[in-house]
Amino acid sequence: MTARRGQWQTAADVLGQVARRPGLTRAAVARELGLSTSSATEVTARLRDLELLTETPAPSQGRGRPTTVLRPHPRGPVVLVMELRQADWRSAVVTLDGVLVDQESKRHRSRRPDAVLAALQAGVGSAQAKYGDRLLAVSLAVAGTVRADHLMQAPVLGWSTVDLNPVVAGTGLPLLVGNDATLSGVAEARMGAAAGAGTALHLIVEVGIGGTLIIDGSPASGATGAGGEYGHIPFGDRSRLCPCGAHGCWDLEIDGRALARHLQEPEPDDPYNYAEAVLQRIDESPVAAAVGKVAAALATGIAGLVNAHDPEVVTLGGLAISLRAAAPDAFATAYSEGLMTFHRAAPPAVLDSTHQKTGVLRGAAALGLDHITTDTALATWAERTTL
Ligand SMILES: [Zn+2]
């Protein structure tokens with residue numbers, strides 16, 4: 001049986017709402033999607049029959065009609081989300097309401113690609129053993145530049161091109177791969193500080209700066225998924241060579257390496273922790289001056305990106321939040337001065353992220369849930385459930 005295109009669209013829309021706001025009622029979903037009470041009842045009954053959702057009575061809301069809370073079905077599909085970082089990897093299982101369960105974290109025993117991928121593969125194996133055919137996909141976030149299912153460059157891991165497919169070898173599961181900064185931007189745009197914005201720019205500073213432009217909840221990641229490398233725009237000093245191979249990268253102006261240069265201290269081995277330590281010394285005037293320069297370099301670049309992309313809102317993550325908080329005037333002045341005149345009357349708000357430590361896994365979860373609730377994916381699930 002081939003599903004008619006669009007047959008599952010309303011069901012997919014309902015699941016999309018449930019994934020963004022756990023604990024949503026059927027009445028709220030109907031309101032949000034403009035469905036009549038009878039259509040909402042019909043589509044949720046169908047989702048229940050297919051073991052995608054269950055309904056439990058909602059607490060009474062005064063004189064309003066009784067409604068139900070939509071929850072993931074206990075036999076419904078799940079996605080394994082994983083985050084590969086410099087020193088460790090984390091994982092969780094996400095249910096259709098976007099809730100992360102079974103969260104785990106393990107340090108790398110070795111940072112060699114084959115050893116790390118084998119550890120991740122073992123993690124996938126245990127999830128498959130526990131969830132069986134409810135597990136429909138693996139969504140992997142990596143701290144590096146991603147192109148399709150390959151990691152192209154990951155300076156923090158010291159890896160060059162690595163094929164990530166061994167993570168799902170032997171499982172038959174699809175592997176979705178995303179850059180960590182991009183995925184944290186997805187989380188902010190779907191259910192964080194940028195929720196409701198049609199176009200949102202997310203920027204996160206750790207070692208260097210990454211980010212993404214999100215349009216209607218999806219990242220604009222370019223032809224091959226490698227877009228969003230904002231740190232490698234030449235907003236910096238062109239006499240400086242970046243580890244990426246380009247000259248004058250913005251990356252070199254906005255993190256712990258830049259702070260060390262301004263303070264005439266040696267380049268730190270761990271620029272992130274170095275920057276955090278420097279920010280603790282903000283009362284010392286050379287430190288305040290160095291932080292001011294770095295906050296201004298950050299804000300100037302953000303203004304340039306606002307001129308280029310015209311976002312409704314900008315969200316900040318990682319050290320960008322503490323750099324701005326430590327030098328708010330330097331940041332505000334540079335942001336305003338970098339904007340084209342017409343933007344200055346009502347510039348896009350620059351907001352701190354809502355999801356700090358969990359943003360990456362939440363973004364990976366959102367894209368994983370998108371993947372298993374497409375028209376085609378729901379038709380496949382329905383065939384299996386009704387057999
Ligand atoms: Zn670079």
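Two strands pair if DSSP finds at least two bridges between them. The legends below apply that criterion to a predicted model.

**View 1. Five strands form an open sheet.** The strand order is β5-β4-β3-β6-β10, and the pairing is mixed. β5 (100-107) and β10 (175-179) are the edge strands, each pairing on one side only. From one strand to the next, the twist averages 15°. Strands of a sheet pair through backbone hydrogen bonds, either parallel or antiparallel.

**View 2. Two helices pack on the sheet beside the β3-β6 pair.** Strand β3 (residues 78-84) and strand β6 (residues 135-142) run parallel and share seven bridges. V78 stands opposite L135 in β6. Helix α4 (residues 113-131) packs on the sheet and touches β3, β4 (88-94), β5 and β6. The direction of α4 makes about 160° with that of β3. Helix α12 (residues 359-372) also packs on the sheet, with contacts to β3, β4, β5, β6 and β10. For α12, the angle with the direction of β3 is about 145°.

**View 3. Strand β4 is joined to β3 and to β5.** β3 and β4 run antiparallel, with six bridges between them. They form a hairpin with three residues between the strands. V79 has V94 of β4 as its bridge partner. On the β5 side, β4 again runs antiparallel, and six bridges join the two strands. S91 is matched with E104, its bridge partner in β5. The β4-β5 hairpin has five residues between its strands. G98 lies in that turn and has a positive phi of about 80°.

**View 4. Both faces of β4 are covered.** In a regular strand the side chains alternate between the two faces of the sheet. On one side of β4 are D88, R90, A92 and V94, all buried. On the other side are W89, S91 and V93, also buried. Buried means under 20% relative accessible area. Seven of the seven residues of β4 are buried, so the strand is largely enclosed by the rest of the structure.

**View 5. Strand β6 pairs with β3 and β10.** β6 is mostly covered, with eight of its eight residues buried. L84 stands opposite V142 in β6. V142 also has a bridge partner in β10, N179. β6 and β10 pair in the parallel sense over five bridges.

**View 6. Helix α5 is capped by N179.** A side-chain oxygen of N179 lies 2.9 Å from the backbone nitrogen of A181, capping the N-terminal end of α5. N179 is also the bridge partner of V142 in the β6-β10 pair. Helix α5 covers residues 180-191. At 1.5 Å a residue, its twelve residues should span 16 Å, and the end C-alpha atoms are 16 Å apart, which agrees. Eleven of the twelve residues are buried, so α5 is largely enclosed by the rest of the structure. Among the buried residues are D180, T182, S184, E188 and R190. L183, V186 and A187 are buried as well.

**View 7. T145 contacts E229.** T145 lies in strand β7 (residues 145-147). Its relative accessible area is 15%, so T145 counts as buried. The side chain of T145 makes a polar contact with the side chain of E229, at 2.9 Å. Beyond four places in sequence, T145 touches H150, L151, M152, Q153, N179, A226 and E229. N179 in that list is the residue that caps α5.

**View 8. Helix α8 ends just before D310.** Helix α8 runs over residues 285-309. Its 25 residues should span 36 Å at 1.5 Å a residue. The end C-alpha atoms are 36 Å apart, which agrees. Just after α8, D310 takes a positive phi of about 55°.

**View 9. The domain assignment gives three ranges of context for the close-ups.** Domain 1 is 9-72, domain 2 is 78-183 + 359-386, and domain 3 is 195-352. Taken over C-alpha atoms, the centres of domain 1 and domain 3 are separated by 41 Å.

Methods: Residues are numbered from 1 along each chain as its sequence is written. This is a predicted model: local features need pLDDT of at least 70, side-chain atom pairs count only at pLDDT 80 or more; totals for chains, interfaces and linings use all residues. Side-chain values use heavy atoms; hydrogens and water are left out. Helices (H or I, at least four residues) and strands (E, at least two) are DSSP runs, numbered from the N terminus. The expected span of a helix is 1.5 Å times one less than its number of residues. Buried means under 20% relative accessible area, exposed over 50%, partly exposed in between (1.4 Å probe, protein chains only). A polar contact is a pair of N or O atoms within 3.5 Å; within protein, one must be able to donate a hydrogen and the other to accept it, and residues adjacent in sequence count only if both atoms are side-chain atoms. Domain bounds come from an automatic or database domain assignment. Axes are lines fitted to C-alpha atoms, for helices over the stretch in contact, and angles run from 0 to 180 degrees between N-to-C directions. Contact means heavy atoms within 4.5 Å.
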